[in-house]
Amino acid sequence: MRWTRVLIPFITVALMAPALASAAPTPPQQVAKQTVQKVLNDLDGRRAELRNNPQELYALIDRDLVPLIDLPYMSQLVLGRYWRQASPAQRQRFQTAFKNMLIRTYGSALLGFNDNVKIEYKPVRAADDAKNVTFNAVIKSPNGQDTPVSLQLHEVNDQWKVYDGSVGNLSFVTNYRGQFNSAIRREGLDDFIKQLEQRYNNGNS
């Protein structure tokens, strides 16, 4: 999906946490820009190799990007009311399957990301003691179409982690919650989790 391909590289701006937390002189948007570029540079020249070896790509995403996401909280937001109904075992199974789905989605999106697209980073406007911030950027494509992107981050154990994001007016969490809740209403929570596990858990943990 287009919104996913646009959003994924910006998950990496959670690496700006040290600059936000310590009020370092380097502006957060500059740290974010450098971080995004580093990830893309790490893929440069390796896209064909990683397409042919997806498990290596998935391991890279799992190691570098997944720790930057507040996966438990995002899982809770995505399941919505079904999270409250789920048993502890179902919650853990869903979180693992959801993580593996994100790994595959992120990997495909990063491989397809156009390095020629220009990114305009906006300043982070938040109080020094803020525990929840929004990071904004604008994707400027060669055809002149601008796409606003935002990430919602909050502080978890003295680290900034992403728990939602949006492209235009489309929220990542809201999008998945709508899809998942529709499937759960049709199939039931346990069968839905089993389907996610069967589709995404192979080769990942």
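In this predicted model, helix 9 and helix 10 sit oblique to each other. That label follows from the crossing angle: the axes of helix 9 (residues 172-187) and helix 10 (residues 189-200) cross at roughly 120°, and an angle counts as oblique because it falls outside the ranges set aside for roughly parallel, roughly antiparallel and roughly perpendicular, the last of these being 65 to 115 degrees. The two axes come within 7 Å, and the crossing of helix 9 past helix 10 is right-handed. On the helix 9 side, the contact is built from Phe180, Ala183, Ile184 and Glu187, while helix 10 brings in Leu189, Asp191, Phe192 and Gln195. Sorted by character, the residues of this contact come out as 5 nonpolar, 1 polar and 2 charged.

Turning to the strands, there are 5 of them in an open sheet, lined up in the order 1-2-3-4-5 with antiparallel pairing. At the edges lie strand 1 (118-121) and strand 5 (170-171), each of which pairs on one side only. Further in, strand 2 (residues 132-140) and strand 3 (residues 146-156) run antiparallel and are joined by 9 bridges. One pair to look for is Lys140, whose bridge partner in strand 3 is Asp146.

The sheet also has a helix packed on it: helix 6 (residues 71-79) touches strand 3 and strand 4 (159-167). The direction of helix 6 makes about 35° with that of strand 4.

Technical notes
Residues numbered from 1 in each chain as written. Predicted model: local features only at pLDDT ≥ 70, side-chain atom pairs only at ≥ 80, totals over all residues. Heavy atoms only, no water. Axes fitted to C-alpha atoms, helices over the stretch in contact; angles between N-to-C directions. Helix = DSSP H or I, 4+ residues; strand = E, 2+ residues; numbered from the N terminus. Parallel < 35°, antiparallel > 145°, perpendicular 65-115°, else oblique. Left-handed = near helix turned anticlockwise from the far one by under 90°. Contact = heavy atoms within 4.5 Å. Nonpolar A, V, L, I, M, F, W, Y, C, P; charged D, E, K, R; others polar. Pairing = 2+ DSSP bridges.
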